[in-house]
Amino acid sequence: MNNFRRINNLTGWLVFAVALFTYVSTVERTASFWDCGEFIAVSYKLMVPHPPGAPFFLLLGRLFSMLAGSDVTRVAYWINMLSVLSSAFTILFLFWTITMLGRKILAKTAAELSVGQTVLLMGAGAVGALAYTWSDSFWFSAVEAEVYGLSSFFTAIVIWAAYKWELINDEAAANRWLLFIAYLVGLSIGVHLLNLVTLPALALIYYFKKYQKPNLRGGILAVLVGFIILGFINAAIIPGLPSVAFQFELLFVNVLGLPFNTGALFFFLLLVAALVWGVRYSVLKERPGLNTALLALAFVLIGYASYTLVLVKANFNPPINENDPKDAIGFTYYLKREQYGSRPLMYGPVFTARAIDQKNGAPMYKKEGTNYKVYDHRPEYVWEADQQMLLPRIHSHDPGHAELYAQMLGIPKIPDPDDPRREKYRKPTFGDNLRFMFSHQMGHMYMRYFLWNFAGRESDAEGAGSLPKLKGGAFPEPIQQNKAHDNFYFLPLLLGLLGFLIQYRREEKDFLVVTLIFLMTGLALVVFINSPPVEPRERDYIYVGSFYAFAIWIGLGVMQVADWLQKIVKSAIPRAVVATALCAVVPGIMVTKSWDNHDRNHRYHSVDFAKNILSSCAPNAILFTGGDNDTFPLWYVQEVEGFRTDVRVCNLSLLGTGWYIDQMKRKTYLSEPLPISLNKDQFLEGINDDIPFVENPNVKNGINLKDYLRLVKEDNPAIKVQTMDGSMINILPSSTFFLPVDVSKVKQMGLVPAQMEPLLSDTISWTYGKKDIFKPELIQLDIIATNNWQRPIYFSATIGQESYLNLKEYMQLEGFAYRLMPYKVPGARDGYVNSDIMYENMMKKTAWRELDNPNSYYDATYDTPVFSSRIAFLRLADQLLREGKRDKAREVVNRCLQVLPDKSIPYDQVSVSFIALLSEVGERQKAIDIAQKVMTRNDQNLAYYTQQPAVYNKEISRSLYEMNLTVSQLEEAKINDLAAKYKPIFEKYYAKVGGNN
């Protein structure tokens, strides 16, 4: 059929249009949580994000942001549209890839295809491409400003281009396609490194074309060559070139006495000259293979050159400049992702291992005068020999991970032979190690995600499974009503297995290639990433390349169904139509079930919550925040929308890095530099990272914080001890700090309410604790001491308790942040609620767009802001009642129920705590409504969960807590009839699980 190409192109663009419509309709209108706020901010102003960066994504994001014109509130939407468009093009190239592979199964050229075969191929391409369009993980990334949509586009176009190259017989034309692929690979480095893992599969395509009689040995060698190319790009090019450039820097600067950057520039010119000479040599000697390889390398490097953006922008010291990669030292550190540490891959210690020695590793350099100087070495730990093993999966020494490993694997504690008074975990066996790899890493952290996409998903709760855990067990109503409760009835999985079968039987070479893509972007990544027992968020988006490969099989599954229909439907065209119609049920079910939990069209609270936090702060404040979701949305609203740029957001996760502390010491917009007294030499990487607590009897009762910081700054031997290797380190000699207060000056500042002035004293004193000081806490303490109450210091209400430095009794809650004060209110251990300020902030300065819309979708990511908001309303209303302001208290609780209603944000344990309070302010019926809804839901949940308590232990604990609290609140509110009704229900379930929860 001579017009196959035209039909193929038109149908592909039609599928593209369906995907584009889907993503445009469901795209988030502003900045999502996690990395999106950061990526939007740094794209808008071309700054430097977290390593290893995504410079090509930022450049495209900047272009898209210009479509917002002068309306800065539309910037986020247009940068989100970059992911939308990239994802729609991914679907286009997936369609064309499926039809190419399907044509090879039919063993027909385009001109030889019949009408029926053409219809069948169009159906296969459409079903496979649309199944991927509406798959859970890919759709999630397609509607937000993250790199995974654009990264998927590069994966799709590279695979499609490789198969196009395979069809071309003219050597010169084919080589141009190879160079095109190399350029795409280079560009993809500037987006995400996931695209590189397809290289072994591309090497296999190359081998199958070049060798007409392939064999097992040749195939294995081809894959190995692909791995070598992958390793060369990932190690020798990306971080390797800057590393070599720095060695030239050391030679030219330290030895030859030339200016900084001379060596790096010479190396760059030398590299270009070597490539030019190599290409010219290959032409003169008529060696086309060498010529193509060198040109391919050149095109990879041209694509990789997008990283020059990082170097250029870092030298302008922008407000967001992570790792400060402005020179060879910082750039190498940035590309190697050294900020995040490393995980053992093939051999290393298990979590029970102890470090028995520490050696000097790679030198760490700083600029000093006109030279580079070694100021320290990276530590290399020597671990107990009998506590190391091959392929270490249970490796993490992070706090809390040992207990999780032990719980998951049933590893008991045994007496410590070195100290019989203590216990330690038994050394895990290699079997334990493999069990964790197969059950958690491959099972929970991959197969669960795979089944989310192609079988169904239980809910959006953290750790939610894919299918019912009980044979014939029905889900409770709260799970059934969860928008993310998607049951695909295994149909996408079954259709994909049919495609797997037909490709295996009909086209073994392509089957091996697609299988290799599936494994490399799936299970191979699982082994390489080596996940710890817990992650900050679900990681399904990492494996979208694997799901892409499976979508190819879903498309080819249509051809297997058509094969089975041969005896029933004799004519080719009706058979193709019937097969397509039957299989179209698969993407049809996926879009029907999944639309509501992927529609972000009315979601704004990630940005509103950021503004609410900033609005809780007084002018010119310093605000300590925690992780990504505490910080990135705030960066977005300040950098893009220009909101409250007088507040300096200080991320505690980054405050342990020298480059970030340097940035905090510079003025940014309306915010003056932070008051940090320590010099750079005191907070370089490796210096004062961990100051151990070693009590000194002379200062047992307390140490003046300013004096202590002065001793740290002076590098004074009075606070130093000698380590086992002979070096001297700073210590914390006391568990108690005190800080002098100039009472008269504080009164003049007007920051203390008149009624609180009697609480002022000339010193504040608190117990920090018998624990180490880590660098972020050291800088926090320095800011507090040096500030002298000049600027308001706030702690976000969402950070962990340890980040408050045990100072909460000296804080007052003013909304979504605690303000540090020079006095404490007796009994207010969790901070004093300043009801006047907090009422003004919560009732007049907060935004709650669409949170009351039951059609808006809010997943588990919103639990923290919702929980924090309800807690804030609760504490404010409670304080108003204590002060006798009953009417205002009623306003506050009703405002909470209005902006955070059950119909869109289901009641939680904080909502239960409103029951007694509602009754006290005269809203008895609303209190009863909360009690009835919470008890009914938890009754249904526990009836389901308690059938498998080991699986749902966390859910059972939460439900029992809410039930018990409900009964207690009803009793406190004197709603005794309901309390009497619900108490036996709670006791029934409590007894059923043996009171172990």
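**Exercises on cores and rings**

A search of the whole structure, which is a predicted model, finds 74 aromatic pairs.

**Exercise 1.** Classify the ring pair of Phe624 and Phe795 as stacked, edge-to-face or tilted.

Solution.
- The ring centres of Phe624 and Phe795 are 5.1 Å apart, and a pair requires centres within 6.5 Å.
- The planes meet at 55°. Stacked pairs have planes under 30 degrees apart and edge-to-face pairs over 60.
- The angle fits neither class, so the pair is tilted.

**Exercise 2.** State which strands hold these two rings, and whether the residues are buried or exposed.

Solution.
- Phe624 belongs to strand β9 (residues 622–625), and Phe795 to strand β18 (residues 793–796).
- The two residues are 171 residues apart, and their pair links distant parts of the chain.
- Both Phe624 and Phe795 are buried.

**Exercise 3.** Describe the largest nonpolar core, then the contacts of Phe737.

Solution.
- The largest nonpolar core has 309 residues. Tyr708, Phe737 and Trp766 touch the most other members.
- Helix α4 (residues 75–106) contributes the most to this core, namely 19 residues.
- A second core, separate from this one, has nine residues, among them Met389, Ile394, Tyr405 and Leu409.
- Leaving out residues up to four places away in sequence, Phe737 touches Ile703, Leu705, Tyr708, Leu732, Ile764, Ser765, Trp766, Tyr768, Ile773 and Leu781.

**Exercise 4.** Find the lysines that lie over the faces of Trp165 and Tyr425.

Solution.
- Over the face of Trp165 lies Lys209, 4.5 Å from the ring centre.
- Over the face of Tyr425 lies Lys413, 5.1 Å from the ring centre.

Key
Residues numbered from 1 in each chain as written. Predicted model: local features only at pLDDT ≥ 70, side-chain atom pairs only at ≥ 80, totals over all residues. Heavy atoms only, no water. Core = buried A, V, L, I, M, F, W, Y, C linked by side-chain atoms within 4.5 Å. Buried < 20%, exposed > 50% of the residue type's maximum accessible area, 1.4 Å probe, protein only. Helix = DSSP H or I, 4+ residues; strand = E, 2+ residues; numbered from the N terminus. Contact = heavy atoms within 4.5 Å. Phe/Tyr/Trp six-rings, centres within 6.5 Å; stacked < 30°, edge-to-face > 60°. Lys NZ or Arg CZ within 6 Å of the ring centre and 35° of its normal.
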